[in-house]
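Here is a set of questions and answers on one protein chain. Keep the model in view while reading.

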Amino acid sequence: MSKPEQVLVLFGSPNKKGYTHILTSLYLEQLQSKLHNQMEIEYIYAYEKKYLPCLGCEKCDTTGVCIWNQKDQYDQLLEKIQQADTVVLASPVYFSGFPAPLKALIDRAQQKYAVKFKNGKGVNQKLRRGVLISTCGADTTKFFPMLQLAAGMFFDCLDIGMAETLFASNTDDPGNIKISDMEQKARDVK
């Protein structure tokens, strides 16, 4: 029997039952079906973890380790990311970007960027699969590319290749959302 796929969801919404959660759950159901139920899922809720923001102190440039890692257990998160086969960034759009707690988590990957790319010697192995799932209250898709760019940089630092994206807009008005439409979007992801 093969080892189950390890899926780590980095969840950036303060609302654990909102549209970001619904869309993420629908995606994970589809993935589980494709993997024939050979999957273990762990959620990391950014709003609960309260990762400290990057200070830009550049200490990680030489050490490869952030000065905050021990204080907020970010080193434990890095271990979980390294063990995951798939890393899902799931987030609503806040002012054209990620919500602050998730952005702090993303920015702290600077410690991996510093060692890997700062001196031009980095090679991206893309050993794992990255997925970006996002919802937007506005009736537009123009904000998703901005999140996709930031997510891609985060994934690059951690040897994760962006494999899939799943977006849903116009979620501010619950009357605009049809769960069946979200299910179809999740099914359409390769």
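Q: Is Arg129 buried, partly exposed or exposed?
A: The model is a predicted one. Buried means under 20% relative accessible area and exposed means over 50%. Arg129 has a relative accessible area of 22%, so the class for Arg129 is partly exposed.

Q: Which side chain meets that of Arg129 in a salt bridge?
A: Side chains of opposite charge can pair when their charged atoms come close. For Arg129, the N to O distance in the pair is 2.9 Å, and the partner is Glu5.

Q: How many residues apart are Glu5 and Arg129?
A: Glu5 belongs to strand S1, residues 5-11. Arg129 belongs to strand S4, residues 128-136. The pair therefore links distant parts of the chain, and the separation is 124 residues.

Q: Is Glu5 buried or exposed?
A: The cut-off for buried is under 20% relative accessible area. Glu5 has 16% relative accessibility, so Glu5 counts as buried.

Q: How many salt bridges does a search of the whole structure find?
A: The pair of Glu5 and Arg129 is a salt bridge, and the side chains of Glu48 and Lys16 also meet in a salt bridge, at 2.2 Å from N to O. The search of the whole structure gives a total of 6.

Q: Which parts of the chain hold Glu48 and Lys16, and how many residues apart are they?
A: Glu48 lies in helix H2, residues 46-49. Lys16 lies in the loop between S1 and helix H1 (19-34). The salt bridge therefore ties together parts whose separation in sequence is 32 residues.

Q: Which residue pairs with Asp72 in a salt bridge, and where is that partner?
A: The side chain of Asp72 meets that of Arg108 at 2.5 Å, N to O. Asp72 is in helix H4 (residues 69-72), 36 residues from the partner. Both Asp72 and Arg108 are buried. The partner is Arg108, in the loop between helix H6 (100-107) and helix H7 (110-117).

Q: What span should H1 have, and what is the distance between its end C-alpha atoms?
A: H1 has 16 residues, and the expected span is 1.5 Å times one less than that number. This gives 22 Å, which agrees with the distance between the end C-alpha atoms of H1, 23 Å.

Q: What is the distance in space between Asp173 and Asp139?
A: Asp173 is in the loop between strand S5 (160-169) and helix H9 (179-188). In sequence, Asp173 and Asp139 are 34 residues apart. From C-alpha to C-alpha, their distance in space is 9.8 Å.

Key. Residues are numbered from 1 along each chain as its sequence is written. This is a predicted model: local features need pLDDT of at least 70, side-chain atom pairs count only at pLDDT 80 or more; totals for chains, interfaces and linings use all residues. Side-chain values use heavy atoms; hydrogens and water are left out. A salt bridge is a side-chain nitrogen of Lys or Arg within 4 Å of a carboxyl oxygen of Asp or Glu. Helices (H or I, at least four residues) and strands (E, at least two) are DSSP runs, numbered from the N terminus. Buried means under 20% relative accessible area, exposed over 50%, partly exposed in between (1.4 Å probe, protein chains only).
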